[in-house]
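Open the structure in your viewer and get ready to select a few residues. We will make several short stops together.

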Amino acid sequence: MTEGTGASLPRASSATTIFRGPFLSPASRPSSVWSPPVPPFSVSGSHNGSSSALPLPIQKKTIPSTRLREKLTLQDKPWLARKKPALERASKWVTFAGILLGFAIAALIAFRGYNDVRMLTSSQLCLVLDDEFNGGSLDTNTWSMDVELGGYGNGEFEMTTNSANNVYISNGQLYIMPTLTSDSISGGYGAVMNGATYTLDGCTASNGTTTSGNSTTTSNSTSSSGPSSNPCTAVSSASAGTVINPVMSGRINTRGKKSIKYGKVEVKAKLPQGDWLWPAIWMLPVGNSSTNGSVAQGAGVYGPWPVSGEVDIMEARGNSPSYPAQGSNYVRSTLNYGPFASGSTPIATSAIYGWISTKRNSYADSFHVYAMEWTGSWMRFYTDNRLQAMVDISSISSKNTDSYFWNVAKFPSVAMNMSSGKYIVVEDPWSTAYGASAAAPFDQEFYLVIDLAAGGTSGWFPDNVGNKPWLDGSATAMRDFAGAQSTWSATWPSSADDRAFRIDYVKMWQLC
């Protein structure tokens with residue numbers, strides 16, 4: 001400003017302006033300019049020029065209780081000085097002793113349960129048959145072939161042949177291979193359905209029956225619903241409703257060559273895939289005579305089938321696991337028996353059976369071991385060490401007591417004779433009073449049968465289930481099956497490894 005004006009321009013104050021840190025209470029405000037806190041330590045060697053780091057948390061000491069002025073002494077805890085009663089002291093040890101006793105009892109139960117499992121040891125068994133199929137052909141000293149087309153008592157739709165197309169050995173395994181008849185006979189599918197006559201080469205049934213030779217057939221299935229009444233010849237006729245068996249397959253047995261009374265049977269096999277295929281490993285009684293062919297199949301010690309019994313070690317179906325009546329993810333074991341010959345009364349057969357299943361795949365995917373152990377006191381069936389059925393016969397051992405299987409079956413007291421129409425008394429044919437054992441009829445020599453069937457009218461494939469193309473009671477059952485050939489044959493794999501019933505080995509031991 002110009003002097004003499006009497007006024008002066010304002011000037012900056014000489015007082016110092018203090019900037020206080022925000023968010024601080026008045027009592028804690030510093031007297032200087034606020035700055036961030038400095039960490040109590042620094043880290044050197046930083047590549048970005050920073051020399052500071054966040055501080056580690058400081059562990060706080062335990063704060064003493066404010067309710068106690070000082071630590072309690074023993075005088076302040078008189079209950080510690082008081083001697084516990086004997087019962088109270090003992091209860092602790094009784095508790096521990098009870099726990100230890102419980103473990104000991106559990107171990108004893110497990111040990112006794114393990115020892116009580118009925119198993120046959122190697123020292124109890126004498127080898128009768130061990131065939132691993134390492135040769136180029138079937139061993140005729142062990143096996144015989146059934147060559148027939150009569151249905152084998154089940155109204156089956158296949159014919160079993162001696163052809164190398166159906167039974168052969170490859171890569172150390174036995175193959176029982178189902179094929180279409182239309183691929184093998186003159187005239188093809190048309191001949192199967194009408195206007196042809198087919199005679200089975202090498203048929204093992206003689207004189208039009210199935211009760212001689214190496215046949216394991218019960219009857220010749222003369223019913224109108226079953227296959228040809230002649231087990232060696234088939235005639236196809238559209239007007240008569242008959243056909244030539246549309247499937248060719250195989251069936252082998254050890255009758256007259258290898259058999260056991262009590263022991264063990266073990267077969268390692270891979271099951272076939274394909275709708276209406278029926279693989280089986282089973283046993284039948286040898287008969288009263290050791291001469292092969294002198295006695296019909298099933299005519300064992302106690303009479304014709306099923307009086308002398310049948311042992312099914314393994315039966316299955318080739319249908320996929322989605323089949324509602326147990327497909328290839330199920331296998332089944334069965335004991336069949338009855339007080340009368342088949343067809344004589346409505347109560348001919350009873351059965352004891354068990355089965356197991358697999359949820360993630362099927363028994364046609366790989367090889368499995370199917371086995372039976374058999375004594376006069378018990379029978380056990382299992383697959384890959386998984387128990388399917390256990391029959392304890394030891395509960396009946398007196399010669400004055402009726403047989404175990406008679407009591408289990410609970411047959412009625414009377415039944416109608418199918419031929420006379422009169423009622424007859426149902427008696428125990430295996431009573432121990434007649435000299436049989438409690439295991440009768442399963443107390444005699446049995447031989448082994450392995451086969452692959454197709455379809456049938458026995459009920460193994462229930463009617464109206466899984467798009468079944470025939471009815472068991474129909475007079476044209478096999479013709480209806482043959483008429484649907486394009487449908488069911490499409491489910492059969494083209495590869496023999498998947499379609500065939502493949503046997504890796506067969507072993508049989510006699511109880512020494």
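## A tour of salt bridges and a cavity

Start by selecting R380, which is buried because its relative accessible area is 11%, under the 20% cut-off. Keep in mind that you are looking at a predicted model.

Now add E373 to your selection. Its side chain and that of R380 meet in a salt bridge, 3.0 Å from N to O. E373 is buried too, at 2% relative accessibility.

Next, select K264 and E266. Their side chains form a salt bridge with an N to O distance of 3.6 Å. K264 counts as buried at 13% relative accessibility, and E266 counts as buried at 14%.

Move on to D472 and K468, whose side chains meet in a salt bridge at 2.7 Å, N to O. D472 is buried, with 14% relative accessible area, and K468 is buried at 10%. Now bring back the two earlier pairs: K264, E266, E373 and R380 are joined into one network by salt bridges that share partners. How many salt bridges does the structure hold? There are eight.

Our last stop is an empty space. The structure holds three cavities of 30 Å³ or more, and we will visit the second largest, with a volume of about 40 Å³. To see its lining, select E315, A316, R317, Q326, G327, Y330, V331, R332 and W460. Which strand gives the largest share of this lining? Strand β15, residues 330–337, does, with three residues. Try colouring the lining by type: four residues are nonpolar, two are polar and three are charged.

Definitions and conventions. Residues numbered from 1 in each chain as written. Predicted model: local features only at pLDDT ≥ 70, side-chain atom pairs only at ≥ 80, totals over all residues. Heavy atoms only, no water. 1 Å grid on protein atoms, 1.4 Å probe; cavity = no way out; pocket = protein on both sides within 12 Å on 5 of 7 lines; lining within 4 Å. Points joined across faces, edges and corners; volume = space filled by probe spheres on them. Helix = DSSP H or I, 4+ residues; strand = E, 2+ residues; numbered from the N terminus. Nonpolar A, V, L, I, M, F, W, Y, C, P; charged D, E, K, R; others polar. Salt bridge = Lys/Arg side-chain N within 4 Å of Asp/Glu carboxyl O. Buried < 20%, exposed > 50% of the residue type's maximum accessible area, 1.4 Å probe, protein only.
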